[in-house]
Amino acid sequence: MSNLSRRAFLQGSALAVSATAVSRIGAASLPEAVLQTQAATQPPLNPANGRPYQPVVTLNGWTLPWRMNNGIKEFHLVAEPVVREIAPGMKANLWGYNGQSPGPTIEVVEGDRVRIFVTNKLPEHTSVHWHGQRLPNGMDGVTGLTQPGIPPGKTFVYEFTARRAGTFMYHPHADEMVQMAMGMMGFWITHPKDPSLMRVDRDFVFLLNAYDIEPGAATPRVNEMTDFNLWTWNSRAFPGIDPLVVRQHDRVRIRVGNLTMTNHPIHLHGHEFVVTGTDGGWTPPASRWPEVTTDIAVGQMRAIEFNADEPGDWALHCHKSHHTMNAMGHDVPTMIGVDQKSVLKKINQLIPDYMVMGDKGGSMGDMEMPLPDNTLPMMTGNGPFGGIEMGGMFTTMKVRKGLASNDYKDPGWYRHPAGTVAYEWKGSAAAMPAAAQAPDTRRMANKPGETILNAVKGGSHGDH
Ligand SMILES: [Cu+2]
């Protein structure tokens, strides 16, 4: 189904779809398997029926429409190979659900009876585990333990009541390492029955995931255990991750689930937040403390909340700095302080294309490097002041005055009020203390005690 027909499906209301489906194919038919063709953030899906709730916004994702069948919310997930755009310029062959990886977000309300049809279009068996839910043991989706695997070409039905409000995930418990390394996962939100409970103005969700895709390749190496090279949010790497657009003074919630193989300290600039939700539900208010970074361990979910009071373009990123880099950043030696130019001529006689890299600190954001096709530069993205030199798990939260409550369009870069941007000091050179003169030729050395000054006799520093 094209994105256009999906929109028509949404506008036609779930009621109309359910009526035609029943009359045409009969009551025993499967719900429509709605597909998504785009990696752009889709607007929140306001519920057409059932209990009211404030919908979430899935970063570079979407929410799966449902049909009502005798009071039961019916969803149709299709496990299948997909092509996911990781960022403009790079596409990956992944496995996912309904056309994308991760799969669509499923949104229900506390107390809803839910039936999920899962059709397996993969070449091997799968299952779906509803991570964090209270449900009958036989609906828990662990292949071999609670059910046989869903064979290729077959459809299984899961049915349970969403008993607890909160933040959940879904993923296979079948050939797990391969299927999760290929991108099979999705978000699940159970909204509180009382829509005024823990109410926020904007509620964003995304999953942390990671891939090992060799530069120039498109399919993840699924047997990788620790050395991943693409650090992604909802299978997108910066600059492919959309900004979180927020109206100034909105109450904002950001829910993050971690399905990588390592922890991620998620850091927000310009605001303090509190963790209001974990895997197990809302945190008791007395247990909350303010912070600006929260570590999210493997398999965990966290919901953070704050008032977006400060206008601007605020960075939101993982604080492990190698997680804000893309492929090509690995296996490059540190060359800071090493004079490579003297040997460059000799090397070029042997390797004509050899380039000097990083002798002033490794900033490669502005460097034009030849890359294999389908490969992202390791640090990239342009801002209003030049290269942002980031990749991977990085995006911005754009706080703006006076946005409409349903406006999630990228407003462009922040226009700083006059006098509020860091600026260059333009005093005379004579006023500069000797110890502050740049560049520093004394302390950039390879061995402790050795200084470049020793080699360059008669250095210009006057403090010896
Ligand atoms: Cu990280």
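**Exercises on strands, sheets and a core**

In strand β23, Thr395 is the bridge partner of Leu316. Let us build outward from that pair. This is a predicted model, in which local features need pLDDT of at least 70 and side-chain atom pairs count only at pLDDT 80 or more, while totals for chains, interfaces and linings use all residues. Residues are numbered from 1 along each chain as its sequence is written.

**Exercise 1.** Find how many helices and strands the protein chain has, and what share of its residues is buried.

*Solution.*
- Step 1: helices (H or I, at least four residues) and strands (E, at least two) are DSSP runs, numbered from the N terminus. The protein chain has five helices and 23 strands.
- Step 2: a residue is buried if 20 or more other C-beta atoms lie within 10 Å of its own, exposed if 12 or fewer, and partly exposed in between, with C-beta atoms placed from the backbone. Of the 464 residues in the protein chain, 37% are buried.

**Exercise 2.** Work out the order of the strands in the sheet that holds β23 and β20.

*Solution.*
- Step 1: two strands pair if DSSP finds at least two bridges between them. Strands β20 (residues 312-318) and β23 (residues 394-400) run antiparallel, joined by six bridges.
- Step 2: on to β15 (residues 264-268), which pairs with β20 in the antiparallel sense over three bridges. Here His267 stands opposite His317 of β20.
- Step 3: β15 is also joined to β18 by four bridges, again antiparallel, and Ile266 has Thr294 in β18 as its bridge partner.
- Step 4: the result is an open sheet of five strands with mixed pairing, in the order β13-β23-β20-β15-β18. Its edge strands, β13 (244-247) and β18 (293-296), each pair on one side only.
- Step 5: neighbouring strands of this sheet are turned by 20 degrees against each other on average, direction ignored. The axes are lines fitted to C-alpha atoms, for helices over the stretch in contact, and angles run from 0 to 180 degrees between N-to-C directions.

**Exercise 3.** In the sheet β5-β10-β9-β7, explain why β5 and β7 each have one side without a neighbour.

*Solution.*
- Step 1: this open sheet has four strands and mixed pairing.
- Step 2: β5 (106-109) and β7 (129-131) are at the edges with a single partner strand each, so one side of each has no neighbour in the sheet.
- Step 3: the partner of β5 is β10, in the parallel sense over four bridges, and Val108 stands opposite Thr190 in β10.

**Exercise 4.** Decide whether Arg199 is buried, exposed or partly exposed.

*Solution.*
- Step 1: Arg199 belongs to the loop between β10 (186-191) and β11 (202-211).
- Step 2: Arg199 counts as partly exposed because it has 13 C-beta neighbours inside 10 Å.
- Step 3: the C-alpha atoms of Arg199 and Gln54 are separated by 7.7 Å, although the two residues are 145 residues apart along the chain.

**Exercise 5.** Name residues that touch the most other members of the largest nonpolar core.

*Solution.*
- Step 1: a nonpolar core is a set of buried Ala, Val, Leu, Ile, Met, Phe, Trp, Tyr and Cys residues joined through C-beta atoms within 7 Å.
- Step 2: the largest one has 83 residues, and those touching the most other members include Leu77, Met169 and Trp188.
- Step 3: two residues are in contact if their C-beta atoms, placed from the backbone, lie within 7 Å. Beyond four places in sequence, the contacts of Leu77 include Tyr97, Ile116 and Val128.

**Exercise 6.** State the mean pLDDT of the protein chain.

*Solution.* pLDDT is the predictor's confidence in each residue, from 0 to 100. The mean is 85, and 79% of the residues reach 70 or more.
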